[in-house]
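Q: Could you take me through one part of this protein in detail? I would like to see how it sits in the rest of the fold.

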Amino acid sequence: MSLRLSTVILPIRRWHEGGRDQWLRAEQLGFHTAYTYDHLSWRTFRDGPWFGAVPTLTAAAAATERLRLGTLVTSPNFRHPVTLAKDLITLDDVSGGRITLGIGAGGNGFDATALGQEAWSPRERADRFAEFVSLLDRLLTEGSVSHEGTFYSAEEARNIPGCVQEPRLPFGVAATGPRGLRLAARYGQAWVTTGDPKLFEDGTPEQSLEALRGQLERLDKACAEIGRDSGPMEKILLTGFTPEANTVLASVDAFVDFAGRHRELGFTELVIHAPIPDSAFAADEAVFEKIATEALAQLDS
């Protein structure tokens with residue numbers, strides 16, 4: 001099974017002070033896709049520079065030629081399907097059809113209350129996510145959409161001419177629970193996971209692999225329930241949140257070992273964070289670039 005290697009570039013640099021160069025370098029290094037986080041602010045980066053995902057990706061689309069681009073992930077926390085659909089259709093057009101939308105239910109971080117609302121309960125978050133994804137699917141595939149839902153409404157929302165990619169740009173649905181996996185089975189061209197968060201600090205690599213195997217099995221089941229073969233679906237692992245987080249980018253050999261074990265499970269794409277000094281994503285830039293250019297060939301040798 002072939003494996004793709006992608007990266008995440010956090011939107012923390014001014015465009016003309018290294019931001020543009022990072023996206024160009026990602027293309028030069030041969031990454032399959034370069035993603036960015038879609039947050040208003042995030043964790044330890046809250047009090048520093050943090051730019052918007054859609055404008056950043058639009059600029060990256062104009063600066064690059066071949067590199068796929070996307071979000072990991074967009075959520076309903078501060079997005080509405082109608083306005084998001086318009087942005088995505090525009091972004092897909094500017095990029096010439098190189099956009100993947102990573103989409104998830106979101107969490108209780110800073111985004112959850114930034115618009116002044118109370119943080120949603122887990123049930124409401126799941127309910128909103130289900131309605132959000134189904135309406136966004138319609139908005140990206142139909143020229144005019146009206147919808148009166150529990151959480152979101154649309155009144156003759158026009159999205160002409162639609163996406164460059166047909167029937168719409170691909171969704172990478174981030175999910176591990178039953179309801180989310182059913183959404184991934186129904187709407188996702190890809191499935192996204194970060195592993196089991198309960199194992200991040202105290203788990204072992206073996207326990208993490210077993211947890212991921214269970215997630216993949218549940219995805220298979222969710223697809224089978226609607227008569228879909230999960231085989232062709234892309235399976236994306238966003239690295240950096242498993243027990244190996246501090247070692248996976250330590251050397252090419254360490255990454256190849258990690259990649260081989262996860263390819264055997266069935267993952268088709270691994271995503272590594274572009275290094276950020278003095279952060280949870282600190283890594284040797286030279287090793288990172290060597291992994292980008294040499295690891296997959298070494299994995300297949």
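A: Here is a close look at helix 6, starting with its surroundings. This is a predicted model, in which local features need pLDDT of at least 70 and side-chain atom pairs count only at pLDDT 80 or more, while totals for chains, interfaces and linings use all residues. Residues are numbered from 1 along each chain as its sequence is written, and side-chain values use heavy atoms, with hydrogens and water left out.

The protein has 8 helices and 10 strands, which are DSSP runs (helices: H or I, at least four residues; strands: E, at least two) numbered from the N terminus. Of its 301 residues, 52% count as buried, meaning under 20% relative accessible area with a 1.4 Å probe, protein chains only.

Now to the helix itself. Helix 6 covers residues 205-225, and its 21 residues should span 30 Å at 1.5 Å a residue; the end C-alpha atoms are 30 Å apart, which agrees. That expected span is 1.5 Å times one less than the number of residues.

Which residues of helix 6 are buried? They are S208, L209, A211, L212, G214, Q215, L216, L219, A222 and C223. As a reminder, an α-helix has 3.6 residues a turn, so residues three or four places apart point the same way.

The cover over these buried residues includes two helices, helix 5 (178-187) and helix 7 (252-265), along with strand 8 (190-193) and strand 9 (234-238); contact here means heavy atoms within 4.5 Å. Just after helix 6, G227 takes a positive phi of about 75 degrees.

Across the whole protein, among contacts between residues at least 6 apart in sequence, 74% join residues at least 24 apart.

Methods: Buried < 20%, exposed > 50% of the residue type's maximum accessible area, 1.4 Å probe, protein only.
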